[in-house]
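I am opening a fresh page to keep track of what I look up in this structure, one topic at a time. I will begin with the surroundings of the ligand and then work outwards.

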Amino acid sequence: QDAKLPHVVILATGGTIAGTGATSTTTVGYTAAKVGVESLIKAVPELSNVANVTGEQVFQIASESMTNEHWLALAKRVNTLLAQADVDGIVITHGTDTLEETAYFLDLVVKSNKPVVLVGSMRPSTAISADGPINLYNAVALAGSKEAVGKGVLVALNDQINAAREVTKTNTVSTDTFKTTELGFLGYMLDGKPRFYRASLRKHTAETEFDVSGLNALPAVDVAYSYANVGTAAVDAFVAQGDVGIVHAGTGDGSLPARTKPALVAARKKGVIIVRSSRVGQGIVARNGEANDDELDFVVSDTLSPQKARILLMLALTRTHDTKEIQRMFYTY
Ligand SMILES: NC(=O)CC[C@H](N)C(=O)O
């Protein structure tokens, strides 16, 4: 322990960074979520140069199995830790599949300016040139840095720092998979130090209006994906199971197929909140663009991906069912 260094807590949740393969050349077909947090820390003795590190095993799962309940538990633990004067920052080790979703959820519900950094890896811990150790080193250095304070929840892999709202996984297997396409990543990690060049302008963390401290569940919201020849089966099933919100991952700029639109309109008439988003991955879904949202009483996702629009809609529905208010939130966060 070095009194001059920041105290960074590593919350381990599983994923490939904690994965093990049969051989050193196994980079797919390995088992995720095997190695415990103490082993992750021991594997990178250089961590002690940049922070006093303590670890907690919060879950041990592959991140495709992440649930709303996991998120609520994780967010509560993060908020409790960050309220402690002796904690300077948090690193969350995570599978990469839903890493961007957990990051955005925390961006909306963490009530602190202290750094929260999500990190993962694409190669298991047993692989040649495993990317986990350097990614973990950079994440701990970032979470302990003054520069990361107030920047919102960050995603740092492959020497790049990204904002939770915009980052997405873009490649199934490459180590260079997390990208903030178009809007750009925020900065680099170089020799264990952050170099920031920009910041996200949307509200996050300490400025958030969302509060999960008293919540044990989140409103039921699902994503209906659109494609040629799509029908109404997904929308109908979501309504039948009692969803209070549906995010429509539309084609193009959030267009509504002739066959699906009446099902969405009927769902809205039953009280379900509809968010028009796009499966394209870049650009704005504009209000009253591809559809008359004022008339239909729909909400647009702006630039949020469908999976992140789902998160904001769930949190919005913990506060209000007023579509004007929900639209304001989609232009705020
Ligand atoms: N690279 C990874 O972390 C993927 C492993 C696993 N599918 C997960 O997301 O946890």
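**Entry 1, the ligand shell.** I sorted the residues around the ligand by class and found three nonpolar, seven polar and two charged residues in the shell. I should keep in mind throughout that this is a predicted model. When I listed the shell by name, I wrote down Gly14, Gly15, Thr16, Ala32, Ala62, Ser63, Glu64, Gly95, Thr96, Asp97, Gly120 and Met122.

**Entry 2, the annotated sites.** Which residues does the UniProt annotation "active site" cover? I looked it up in the unreviewed entry, and according to that record the annotation covers Thr16 and Thr96. The two span 81 residues in sequence, yet their C-alpha atoms are not more than 7.5 Å apart, so I noted that they gather at one spot. Both names also appear in my list of residues around the ligand.

**Entry 3, Thr16.** I located Thr16 in the loop between S1 and helix H1, which covers residues 37–42. Is Thr16 buried or exposed? I counted 31 C-beta neighbours inside 10 Å, and because 20 or more are enough for a residue to be called buried, Thr16 counts as buried. Leaving aside neighbours within four places in sequence, I found Thr16 in contact with Ala32, Gly95, Thr96, Gly120, Ser121, Met122, Arg123 and Pro124.

**Entry 4, Thr96.** I then turned to Thr96, which sits in the loop between S3 and helix H4, residues 99–109. Thr96 has 26 C-beta neighbours inside 10 Å and therefore counts as buried. Not counting residues up to four places away in sequence, Thr96 touches Gly15, Thr16, Ser63, Gly120, Met122, Lys169 and Thr177.

**Entry 5, the strands and their sheet.** Strand S1, residues 7–14, and strand S3, residues 89–93, pair in the parallel sense over five bridges, and I noted that Ala12 has Thr93 as its bridge partner in S3. I followed the pairing further and found eight strands in an open sheet with mixed pairing, in the order S2-S1-S3-S4-S5-S6-S9-S10. At the edges I found strand S2 (52–61) and strand S10 (193–196), each of which pairs on one side only. Neighbouring strands of this sheet are turned by 25° against each other on average, with direction ignored.

**Entry 6, the annotated domain.** Finally I checked the unreviewed UniProt entry again, where the annotation "domain: Asparaginase/glutaminase C-terminal" covers residues 221–330. Over residues 221–330 I recorded 37% helix and 17% strand, and the end C-alpha atoms are 15 Å apart.

Terms used
Residues numbered from 1 in each chain as written. Predicted model: local features only at pLDDT ≥ 70, side-chain atom pairs only at ≥ 80, totals over all residues. Pairing = 2+ DSSP bridges. Helix = DSSP H or I, 4+ residues; strand = E, 2+ residues; numbered from the N terminus. Axes fitted to C-alpha atoms, helices over the stretch in contact; angles between N-to-C directions. UniProt positions renumbered as here; feature names shortened; annotations may be inferred. Buried ≥ 20, exposed ≤ 12 C-beta atoms within 10 Å, placed from the backbone. Contact = placed C-beta atoms within 7 Å. Near = placed C-beta within 6 Å. Nonpolar A, V, L, I, M, F, W, Y, C, P; charged D, E, K, R; others polar.
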